[in-house]
Amino acid sequence: MNAAHRPVLLQEAVDALAVQADGIYMDGTFGRGGHSREILARLGPSGRLLALDRDPEAHAAARELAGGDARVSVYRAAFSMLERIATEAGVSGRVNGVLLDIGVSSAQLDDARRGFSFTQKGPLDMRMDPDAGESAASWLTRAPEHDIASVIHEYGEERHARRIAKAIVAARETAPLADTSQLAEIVSRAVPRHDRHKHPATRTFQAIRIFINRELDELSACLEQCLRVLVPAGRLAVISFHSLEDRMVKRFIRDHARMPEPDPKAPWLAPEGSPVLRAVGKAVHAGEAEVAENPRSRSAVLRVAEKLP
Ligand SMILES: C[S@@+](CC[C@H](N)C(=O)[O-])C[C@H]1O[C@@H](n2cnc3c(N)ncnc32)[C@H](O)[C@@H]1O
């Protein structure tokens, strides 16, 4: 496997799923199948793997794998469709493990034609599924300045969001925003002081990508669905690369791992229900050796939960 397709926290994430030989597993983010292959290596002949990805090239890679392995079913779909896919496959409520390794893949980042990279010139697209939704160029051409500023501020946690949005709006009045280098240049000129270790457009590109792909909505929808798709004692393992996503996963597990709050209108009544999840261990980060080999693993955080009976 070449460096561009190196899966992050591979053993840790697949160990966390506690794979049973005859179990049913769902990989919501196939990518190039690093984690899926490891799950398959631990599954016996009657095990099943349902692999999803909304990216056409990832889906093609998944189909190739499925072509030679009857245990695998592949879907070109967003992971917010997880429950529907599980239901149609007749496995909802029986899934032993769901893995999400969210964000963009190295294959997507490194391909200039996809428009994710500020270091390579390419069309300003940024869609994981180029057949759905609006491209970054189209959105940046029509969005009001305050919307652009709030996306960059919220999803990029960028201090200079307002300046950057202003510069984008000024630039689009003279020429249409078409490519990644042009956007990177506009942002670099708008940001006052540069951090030597980080390209000035890093946060802006990340923010626009998260917005264009509705990444936080996708994650929130999928986490909720996992509660129904998993069998009791089934495991959920999520690797995230961004603090906003990790916070969402952490809160989701915490909120479902404690007793429901009493009804504020009837606080004297014992709350109904019981915790539905148990957090398994603490957040896991890539070790020094993995970070040295694969710098992209530096920001990865793995969180694991188990569904309670
Ligand atoms: C970090 S990569 C996964 C790498 C994979 N685990 C491997 O070992 O090759 C993330 C993948 O998830 C996909 N993806 C991200 N968000 C998605 C979503 N909401 N629904 C479906 N696929 C998604 C991307 O297209 C990308 O291929």
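How are helix 8 and helix 9 oriented to each other? I started my notebook with that one, keeping in mind that this is a predicted model.

**Entry 1: two helices**

I looked up the axes of helix 8 (residues 161–174) and helix 9 (residues 180–190), and they cross at roughly 130 degrees. The axes come within 9 Å. Angles from 115 to 145 degrees fall outside the parallel, antiparallel and perpendicular classes, so helix 8 and helix 9 are oblique to each other. I also noted that helix 8 passes helix 9 in a right-handed crossing.

Next I checked which residues meet there. From helix 8 I wrote down Arg163, Ile164, Ala167, Ile168 and Ala171. Their partners in helix 9 are Leu183, Ile186, Val187 and Ala190.

**Entry 2: strand 1 and its neighbours**

Then I moved to strand 1 (residues 24–27) and asked myself: are its two faces covered or open? Both are covered. Ile24 and Met26 lie buried on one side, and Tyr25 and Asp27 lie buried on the other. That fits a rule I wrote in the margin: in a regular strand, side chains alternate between the two faces of the sheet.

I looked for the pairing partners too. Strand 2 (residues 48–53) runs parallel to strand 1, and four bridges join the two. One of the pairs to find on screen is Met26 with Leu50 in strand 2. To get from strand 1 to strand 2, I followed the chain through helix 2 (residues 34–42), and this β-α-β crossover is right-handed.

Strand 4 (residues 95–101) also pairs with strand 1 in the parallel sense, over three bridges. Here I found Asp27 opposite Leu99 of strand 4.

Key. Residues numbered from 1 in each chain as written. Predicted model: local features only at pLDDT ≥ 70, side-chain atom pairs only at ≥ 80, totals over all residues. Heavy atoms only, no water. Buried < 20%, exposed > 50% of the residue type's maximum accessible area, 1.4 Å probe, protein only. Pairing = 2+ DSSP bridges. Right-handed = clockwise from strand over helix to strand, strands pointing away. Axes fitted to C-alpha atoms, helices over the stretch in contact; angles between N-to-C directions. Parallel < 35°, antiparallel > 145°, perpendicular 65-115°, else oblique. Left-handed = near helix turned anticlockwise from the far one by under 90°. Contact = heavy atoms within 4.5 Å.
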